[in-house]
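Me: Can you take a look at a structure with me? I have a few short questions.

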2 protein chains.
Amino acid sequence: MRGEVISIGTELLLGIIVDGNSAWIGEQLALAGIDCFFHVKVGDNFQRIEGCIRQALARSDAVICCGGLGPTQDDITRDVIAHVMGVGMRRDAAIAARIERIFASRGRVMPQNNLRQADIPIGASAIAEMPGTAPGLVCPIGNKVLYAVPGVPSEMREMVAGTVLPDLRRRSGQAAVIRSRVLRTWGMSESGLAEVLAGRVEELDRLGNPTLAYQASGIDGIKVRIVAKCADEARARQVLDHEESLLRRLLGDVVFGVDDQSMEHVVIAQLRARNLTLAVAEGLTGGLLAARMSAADPQLIHFRGARIAAEAPQASDRPPSAQAREAAARVREEFATEIGLAAVSGGHTAGTTSAAIALAAAIGDAHYVETIMLPADRPRFRDFAVISVLDLLRKRLSPVAASG
Amino acid sequence: MRGEVISIGTELLLGIIVDGNSAWIGEQLALAGIDCFFHVKVGDNFQRIEGCIRQALARSDAVICCGGLGPTQDDITRDVIAHVMGVGMRRDAAIAARIERIFASRGRVMPQNNLRQADIPIGASAIAEMPGTAPGLVCPIGNKVLYAVPGVPSEMREMVAGTVLPDLRRRSGQAAVIRSRVLRTWGMSESGLAEVLAGRVEELDRLGNPTLAYQASGIDGIKVRIVAKCADEARARQVLDHEESLLRRLLGDVVFGVDDQSMEHVVIAQLRARNLTLAVAEGLTGGLLAARMSAADPQLIHFRGARIAAEAPQASDRPPSAQAREAAARVREEFATEIGLAAVSGGHTAGTTSAAIALAAAIGDAHYVETIMLPADRPRFRDFAVISVLDLLRKRLSPVAASG
């Protein structure tokens with residue numbers, strides 16, 4: 001079964017509203033095992049909405065129209081649908097009464113055109129969930145089906161989850177469960193990942209299940225998404241677990257997290273697991289490192305604090321790596337933490353950053369210094385420096401490194 | 001002239017990414033006076049991308065394809081375009097060399113498939129802006145034109161603003177000039193703004209030009225957008241200037257900036273204008289204030305540094321306002337700046353933040369302390385605390401306050 005989403009509203013084309021509805025519906029369709037090949041946005045224009053609906057009905061089995069069900073003159077979705085179905089309208093007395101009650105209960109006078117929302121194309125049925133005043137529609141058209149839901153996200157979601165998806169599952173007879181998992185990586189380019197995983201991708205192309213996809217996500221690294229389509233939940237989890245461990249063997253510690261785990265959350269989790277505290281010295285990253293760490297540890301329990309200062313000009317005759325090493329030791333002492341972490345940029349050209357880690361005597365009494373190559377343009381330089389420095393600490397704190 | 005946007009990527013259909021690109025491009029087209037009747041999302045599938053491009057070329061004059069230009073196997077936009085154009089590819093030596101240089105400068109080995117990004121359909125030209133490695137394309141097709149830009153928003157925006165829109169304006173011969181200006185406000189609700197501006201909005205409804213619109217933008221405050229449609233650039237600027245000064249008289253110092261000016265950029269500009277330096281003490285905002293200030297002053301010339309630390313437990317028997325006052329004075333001395341700014345939260349429940357400003361003897365030898373009420377949920381608490389504290393400093397540094 002194939003689904004298609006049509007988002008209706010001129011404000012979507014003008015960029016006044018970003019269409020998050022079709023993305024959400026797309027995700028729900030995918031999780032219900034229903035393919036969806038097109039999402040279309042169209043303005044409040046009769047002919048163009050009609051054209052989009054006819055095209056969608058020609059190439060898809062189920063069409064979800066989102067928006068244009070309100071009471072104003074430019075809300076014409078139900079009129080277009082009746083025209084496509086070749087039917088007239090009937091006014092649904094129960095819905096009309098309900099709309100009148102909603103206005104009465106709010107102590108407001110109801111403009112007459114609000115009753116247009118009780119008009120239902122003959123042969124269609126209204127969707128029972130009605131959190132707002134705009135009812136949704138289920139419209140059988142030949143052997144296909146068209147749903148109309150409001151553009152207000154909360155109303156749309158309630159109708160899609162409560163009525164559209166169950167109806168679609170019934171019609172499709174879809175038994176399969178689709179589940180996904182994201183492996184988050186840092187330190188390897190998308191094409192590098194593709195090369196390492198090429199063999200496995202070829203195998204999976206033959207097997208057909210699960211599938212892999214890459215998603216470059218800037219300073220969140222590159223995500224490798226595993227999607228499994230299975231008979232049931234337990235089998236899907238099994239397939240995801242198996243694929244995850246296989247990919248981890250291929251990729252090694254390039255994988256820093258799973259699903260929603262950010263780099264800073266992973267590092268804070270490592271500190272928490274070993275009951276360690278951290279303080280940070282920053283130069284040209286200017287507080288970005290601290291801001292990310294404190295977002296992951298908002299009470300500042302394991303991330304204890306930071307000192308941010310332009311590197312002293314008189315220090316510039318000494319190599320950044322030496323400055324970083326000293327800064328890490330100094331900030332560790334100042335905040336009395338087990339770990340000090342410093343990021344010092346190599347002068348103001350910012351092509352490299354030196355990162356240093358200082359460990360207290362109790363956990364090794366050691367120093368590590370590394371130099372990181374960075375993109376030259378400023379905002380990315382800062383972001384990349386922060387995640388790269390955190391990645392060094394993550395590797396240092398990982399069980400393998402700790403035991404090595 | 002009619003434009004159309006095609007967003008390419010299976011992750012868009014699956015709801016992994018919300019397609020904000022087409023909304024942004026739609027807004028730009030509208031501001032350039034170019035109609036846009038359809039936005040389409042399609043997955044990484046040759047036949048379906050081809051179908052969408054052919055349909056768009058049939059019903060629109062200019063098609064902007066967004067995404068699918070990367071180096072991996074599922075990036076097939078340029079192959080589909082060459083097929084639709086009925087041409088082969090040529091490898092652009094300059095682009096290939098540039099891609100190789102980017103990898104070399106980062107000290108990384110370039111996987112060979114990255115060079116696919118240097119392949120240009122014969123008859124197309126590459127878009128000069130290339131912040132990442134994926135070049136954009138300008139493809140004349142009959143009397144129409146197709147543009148291909150990357151899906152990475154920053155790269156997309158640079159190419160659309162720098163190349164696509166000027167090219168479109170040249171092709172469309174658009175006579176009317178549409179220009180907009182955004183006044184950025186902080187400290188007044190949307191309905192409060194609407195009340196203050198009600199009279200002016202009514203006048204403008206009669207005049208028809210310019211128009212006003214509000215846009216609530218979370219921690220960026222509420223934006224008031226002025227849109228003017230005029231015969232030429234000079235007249236449009238005149239209309240915007242006149243409307244801006246009129247609105248500023250009505251709104252007073254609620255207006256903190258214009259267009260892209262963030263609160264932190266405004267504060268740094270104030271410091272620069274008066275040649276002052278600032279240091280910051282942060283508690284539970286955890287570096288967010290420093291990160292924003294350093295983004296606006298990346299060399300840390302006026303924003304000299306920050307100290308971030310959980311508020312000392314032993315200090316909690318004293319009121320946050322006293323703690324903030326001391327912290328501002330202390331950090332000012334530590335970093336030897338003219339101004340110290342401190343943000344101290346009232347305990348861990350975070351319903352309020354005390355902000356304190358300490359000024360050196362040379363510029364007033366004064367202290368100011370204020371308490372800010374904040375939303376209770378954590379991420380917004382941090383963001384709102386930061387912009388509210390900066391807004392206090394902005395008002396204190398504004399010429400009116402300084403002379404008062």
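The chat below covers a sheet and then one loop residue.

Me: What kind of model is this, and how are things numbered?
Reply: This is a predicted model, where local features need pLDDT of at least 70, side-chain atom pairs count only at pLDDT 80 or more, and totals for chains, interfaces and linings use all residues. Residues are numbered from 1 along each chain as its sequence is written, and chains are lettered from A and ligands numbered from 1 in the order in which they are written.

Me: What's the strand order in the open sheet of 10 strands?
Reply: The order is 17(A)-16(A)-15(A)-13(A)-14(A)-14(B)-13(B)-15(B)-16(B)-17(B), with mixed pairing. Strands are DSSP E runs of at least two residues and helices H or I runs of at least four, numbered from the N terminus; two strands pair if DSSP finds at least two bridges between them.

Me: Which are the edge strands?
Reply: Strand 17 (367–373) of chain A and strand 17 (367–373) of chain B, each pairing on one side only.

Me: How do strands 15 and 16 of chain B pair?
Reply: Strand 15 (residues 339–345) and strand 16 (residues 352–359) of chain B are antiparallel, over seven bridges. Val344(B) stands opposite Ser354(B) there.

Me: Switching topic. Where does Asn113(B) lie?
Reply: Asn113(B) is in the loop between helix 5 (93–105) and strand 5 (119–121) of chain B.

Me: Why is Asn113(B) classed as partly exposed?
Reply: Because Asn113(B) has 17 other C-beta atoms within 10 Å. Buried takes 20 or more within 10 Å, exposed 12 or fewer, and partly exposed is in between, with C-beta atoms placed from the backbone.

Me: And what does Asn113(B) touch?
Reply: Ser191(A) and Pro71(B), not counting residues up to four places away in sequence. Contact means C-beta atoms, placed from the backbone, within 7 Å.

Conventions. Contact = placed C-beta atoms within 7 Å.
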